Amino acid sequence: MQTSQKHQTTASIHRLYHQPVKEIDSFCLPHIQILDNNACSDIGSQGTSGSFQTSKDQFFTLESSSATAGFVVYDSPSAVSISSSRSPFSPQGSQSCLSDPHHSPENTYGSPFSGSSVVDDSNELKHKLRELEISLLGPESDIIDSGNCCFSSGAHQAASMASLNYNQLVDMIPRLDLKEVLVACGQALDERDMPTVAGLMQVLEKMVSVSGEPIQRLGAYVLEGLRARLESSGSNIYKALKCVEPTSSELMSYMSILFRICPYWKFAYTSANAVIVEVMEYEPKIHIIDFQIAQGTQWIFLIAALAKRPGGPPSIRITGIDDSQSYHARGGGLNIVGRKLLEFAQSYNVPFEFHDAAMSGCEVQVEHLKVQPGEALAVNFPYVLHHMPDESVSTWNHRDRLMRLVKSLSPKVVTLVEQESNTNTSPFFSRYLETLDYYTAMFESIDVACPRDDKERISAEQHCVARDIVNMIACEGPERVERHELLGKWRSRFMMAGFSPYPLSSSVTMAVLDMLKEYHSNYRLEEREGALYLWWINRAMATSSAWR
């Protein structure tokens with residue numbers, strides 16, 4: 001009987017997300033705050049995102065300050081430029097290839113961007129390019145014979161490509177595979193083969209498109225990352241880029257689009273809420289600490305579910321961790337979130353209290369969390385811990401410090417949702433391949449839900465996805481705030497901090513499966529070792545786990 005009741009309760013959490021309940025709709029904020037809200041340095045909080053312009057429509061107002069200074073820039077109909085703005089999105093990425101016209105979201109997601117075959121393909125591509133160069137220009141067409149070429153010198157880059165005009169570059173495009181060109185360019189940059197990098201980036205500029213196939217859209221933002229990496233390094237990486245930020249209402253609109261068409265955040269909310277309802281079944285006083293409160297949308301649905309608990313609802317207190325980027329997206333401070341949640345709780349006769357902690361997760365100390373005796377504590381980490389620098393970045397190691405801090409509070413449950421990707425301590429080229437692999441799947445999953453020429457979709461990808469891609473490719477050290485780890489690594493960290501796994505029950509799985517029915521059939525769910533994996537075709541995108 002109790003098991004049946006649990007299934008009904010957790011399933012009701014998902015139904016609340018989508019039922020046309022006027023009371024809930026009036027309180028819901030159009031939300032989705034994904035990756036980058038808790039950077040721990042001034043530089044890390046600036047971020048970068050790509051901006052593009054086509055001959056037909058100008059979708060963004062991003063201009064390059066000096067990123068193209070080292071290139072011969074042709075009057076191409078698809079010129080790409082760089083700009084910077086801090087996007088509050090960190091999604092989940094992927095692997096696949098749509099540059100083959102025979103591929104589609106139904107049968108793609110081919111070989112991953114990893115392994116020796118990638119290097120072989122890259123080397124083969126270099127030979128192809130050399131053969132093309134010889135056929136176009138003759139055997140005496142060597143460009144820059146020295147490794148002393150520095151990309152900050154515009155003269156060398158101009159000389160390297162001066163003999164290739166726009167028409168000759170266009171002639172090369174049909175004979176090249178975009179995935180191979182992207183891989184070869186990253187490998188050449190890793191090997192500091194600057195003449196090859198210059199040539200391949202010229203070719204890429206003609207192949208990518210923000211309104212094209214998924215691999216073309218990804219390629220456009222990867223090209224921005226490569227340019228940003230070449231433009232500068234260290235503390236100067238963002239200073240070379242101009243900053244153009246969307247208004248609060250625009251950013252909220254872009255986040256809402258992705259929240260609606262992709263299940264990644266609903267996967268986090270549904271699974272975490274189902275666990276909390278289950279663990280807190282008989283608790284009269286509940287305190288939830290959310291390390292990425294954003295708009296507070298997740299808790300509207302939890303409050304509604306707990307209001308129906310037999311015997312009456314518990315009293316609920318929520319502590320929200322915040323930072324300046326969420327402030328911008330909301331157009332105001334955490335008082336906005338607290339007021340909305342309080343009004344909603346009152347409409348359901350649920351005793352409610354909200355406490356705000358307007359700071360980055362890196363700054364949180366025990367005294368900021370206001371834990372009180374007699375309350376059952378749940379801690380929520382939704383796509384946020386990967387922003388915390390670990391031992392490879394800082395001796396403070398905020399990633400493990402936060403885990404130990406939370407463990408000292410003796411929570412009944414800790415929920416963790418993260419991208420299933422490995423970019424934290426990987427060297428550049430491995431990280432580059434993983435970024436290509438992960439975000440190809442992400443763009444494929446968006447592609448099946450929104451037309452390719454949809455301007456809102458283009459803007460949403462630019463402001464809510466591109467920044468993360470650029471950050472992973474262009475930045476190193478403390479400036480690289482996108483530092484994902486696989487669930488196996490998170491498991492090791494949690495267990496070292498003194499936690500043990502809390503296996504997710506079948507009722508949690510059912511709640512998530514019910515939610516996924518509204519999305520494309522290429523999404524699937526896997527239960528493994530007590531955790532849930534969200535897949536797009538054959539790429540794991542995100543994981544949900546619980547700890548105690």
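In which sense do strand β3 and β6 pair, and over how many bridges? They run in the parallel sense, and five bridges link them. Keep in mind that this is a predicted model, so let's look at strand β6 and then at how confident the predictor was.

**How β6 sits in the fold**
- β6 covers residues 376-382, and seven of the seven are buried, so this strand is largely enclosed by the rest of the structure.
- In a regular strand, side chains take turns between the two faces of the sheet.
- On one side of β6 you'll find A376, A378, N380 and P382, while L377, V379 and F381 sit on the other; all of them are buried, and both faces are covered.

**Who β6 pairs with**
- One partner is β3, made of residues 285-290.
- If you want a spot to zoom in on, try D290, whose bridge partner in β6 is N380.
- Another partner is strand β7 (residues 413-419), again in the parallel sense and over five bridges.
- Here V379 is the residue to look for: it stands opposite V414 in β7.

**How the chain gets from β6 to β7**
- Helix α14, residues 398-408, joins β6 and β7 in a right-handed β-α-β unit.

**How far to trust the model**
- Across the chain the mean pLDDT is 76, with 66% of residues at 70 or more.
- Residues 18-23 have pLDDT below 50, and beyond near neighbours in sequence the model gives this stretch six contacts.
- Residues 29-107 are also below 50, and that stretch has 339 contacts in the model beyond near neighbours in sequence.

Note on methods:
Residues numbered from 1 in each chain as written. Predicted model: local features only at pLDDT ≥ 70, side-chain atom pairs only at ≥ 80, totals over all residues. Heavy atoms only, no water. Buried < 20%, exposed > 50% of the residue type's maximum accessible area, 1.4 Å probe, protein only. Helix = DSSP H or I, 4+ residues; strand = E, 2+ residues; numbered from the N terminus. Pairing = 2+ DSSP bridges. Right-handed = clockwise from strand over helix to strand, strands pointing away. pLDDT = per-residue confidence, 0-100. Contact = heavy atoms within 4.5 Å.
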